[in-house]
Amino acid sequence: MKKVTIHSLQKQKAAGQKICVVTAYDAAFARIFDEAGVDALLVGDSLGMVIQGHNSTLPVTMEHMLYHTQAVSRGAKRAHIIADMPFGSYQASDEEAVRNAMRLLSEGGAGSIKLEGGEAYAPTLRRLVRAGIPVMGHIGLQPQQVHSTGGFVVQGRSEESAQQILRDAKALEQAGAYALVLEAIPMELARTLSALLSIPTIGIGAGKHCDGQVLVCYDLLGMLPHFKPKFVKQYANLHEVVSQAAQQFCEEVRTECFPSEEHAFRSMRLVSSTEEAPERANSVYGAPI
Ligand code: KIV
């Protein structure tokens with residue numbers, strides 16, 4: 001099985017094949033998305049909100065990102081793995097940015113990193129690329145700037161803001177970004193950018209003209225029923241499925257329906273020779289290690 005690379009993602013743009021990206025934070029979901037044919041898994045700092053329960057991505061640290069990137073790397077065989085640079089890991093100096101980005105590749109197992117920021121971050125991005133680190137840019141709404149922008153608001157609606165986003169995109173492409181996330185910008189602007197740039201654009205809340213799309217997996221799966229931004233489509237209702245399973249488990253434990261004999265171990269002298277091979281009967285997970 002061939003691993004997806006930044007070059008194959010770029011070839012997809014050239015061939016007009018849309019790129020599918022989903023966030024993942026653990027090995028189990030990474031395996032499912034990988035086997036489902038998702039092209040790239042983004043270990044997003046959105047984990048601060050959906051996994052850790054914060055109301056922004058700012059508390060996420062390098063250690064958190066490494067922990068989750070390692071887990072996702074263990075689960076995925078084919079998909080390209082992108083790890084987010086968390087707030088504070090690249091803003092202070094380019095040296096620190098290179099050191100932290102390298103850790104996500106060497107210790108985390110990511111194939112590339114992503115960082116938020118427009119043309120002001122082009123020099124940092126260039127420095128990372130020179131160090132051999134593939135970088136995906138992220139412009140438009142930048143959740144790490146929530147305190148400067150005054151909230152999670154659509155960007156690029158005014159002419160001035162749209163012009164700035166155009167400058168950001170061009171500067172990052174010139175600095176060597178291999179792709180750009182466009183978050184929460186008007187679809188007309190995303191179409192212009194996707195036509196203008198030779199690198200792929202991956203949209204989230206940026207309409208259908210981007211070269212690919214990314215969604216936070218918990219949004220896509222319907223895990224958070226009370227959080228449904230306009231740009232999210234829920235492809236499942238996992239909140240209900242999980243809640244019903246948990247309710248049924250409680251009911252069966254309380255009524256002593258679970259565990260039944262089928263889910264219990266027997267004393268060795270009660271296991272008939274035809275029932276189970278001794279090594280299987282001893283193995284808690286059903287097969288010898
Ligand atoms: O952190 C994240 O999940 C992201 C996506 C929303 C693009 O950056």
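The legends below describe close-up views of a predicted model.

**View 1. Residues around the ligand in the predicted model.**
Ten positions need labels here: Thr23, Leu42, Gly44, Asp45, Ser46, Asp84, Lys114, His138, Ile204 and Val216 surround the ligand. Sorted by class, this shell holds 3 nonpolar, 4 polar and 3 charged residues.

**View 2. Polar side-chain contacts to ligand oxygen atoms at Asp45, Ser46 and Lys114.**
In the side chain of Ser46, an N or O atom is 2.5 Å from an oxygen atom of the ligand. For Lys114, the separation between a polar side-chain atom and a ligand oxygen is 2.8 Å. The side chain of Asp45 has an N or O atom 3.0 Å from an oxygen of the ligand. The protein buries 95% of the 260 Å² that the ligand exposes when taken alone. Asp45, Ser46 and Lys114 also belong to the set of residues that surround the ligand.

**View 3. The largest pocket, with the ligand in place.**
The ligand sits in this pocket, whose volume is about 1,200 Å³. Its lining is made up of 50 residues. Nearest the centre of the pocket are Glu183, Ile204, Gly205, Phe231 and Val232. Of these, Ile204 is also among the residues surrounding the ligand. The lining comprises 29 nonpolar, 10 polar and 11 charged residues.

**View 4. Helices and strands that line the largest pocket.**
Two or more lining residues come from each of the strands E1 (19-23), E4 (112-116), E6 (179-183), E7 (201-204) and E8 (212-215). Helices H3 (47-50) and H10 (217-220) likewise give two or more residues each. Strand E1 contributes the most to the lining, with 5 residues.

**View 5. Backbone at Ala184, in the loop between E6 and helix H9 (187-196).**
Ala184 has a phi near 50 degrees, which is positive although the residue is not glycine. Most residues other than glycine have a negative phi. Strand E6, at one end of this loop, is one of the elements that give two or more residues to the pocket lining.

**View 6. The cis peptide bond between Phe258 and Pro259.**
Omega is near 0 degrees for the bond from Phe258 to Pro259. Most peptide bonds are trans. Pro259 is located in the loop that runs between helix H11 (238-254) and helix H12 (278-282).

Methods: Residues are numbered from 1 along each chain as its sequence is written. This is a predicted model: local features need pLDDT of at least 70, side-chain atom pairs count only at pLDDT 80 or more; totals for chains, interfaces and linings use all residues. Side-chain values use heavy atoms; hydrogens and water are left out. A residue is near a molecule or strand if one of its heavy atoms lies within 4 Å of it. A polar contact is a pair of N or O atoms within 3.5 Å; within protein, one must be able to donate a hydrogen and the other to accept it, and residues adjacent in sequence count only if both atoms are side-chain atoms. Accessible areas come from the Shrake-Rupley method with a 1.4 Å probe; for residues, only the protein chains shown count as cover. On a 1 Å grid over the protein atoms alone, a cavity is a set of points where a 1.4 Å probe fits but cannot get out, and a pocket is an open set with protein on both sides within 12 Å along at least five of seven lines; lining residues have an atom within 4 Å of a point. A molecule sits in a cavity or pocket if more than half of its atoms lie within 2 Å of its grid points. Ala, Val, Leu, Ile, Met, Phe, Trp, Tyr, Cys and Pro count as nonpolar, Asp, Glu, Lys and Arg as charged, and the others, Gly among them, as polar. Grid points are joined across faces, edges and corners, and a volume is the space filled by probe spheres set on the points. Helices (H or I, at least four residues) and strands (E, at least two) are DSSP runs, numbered from the N terminus.
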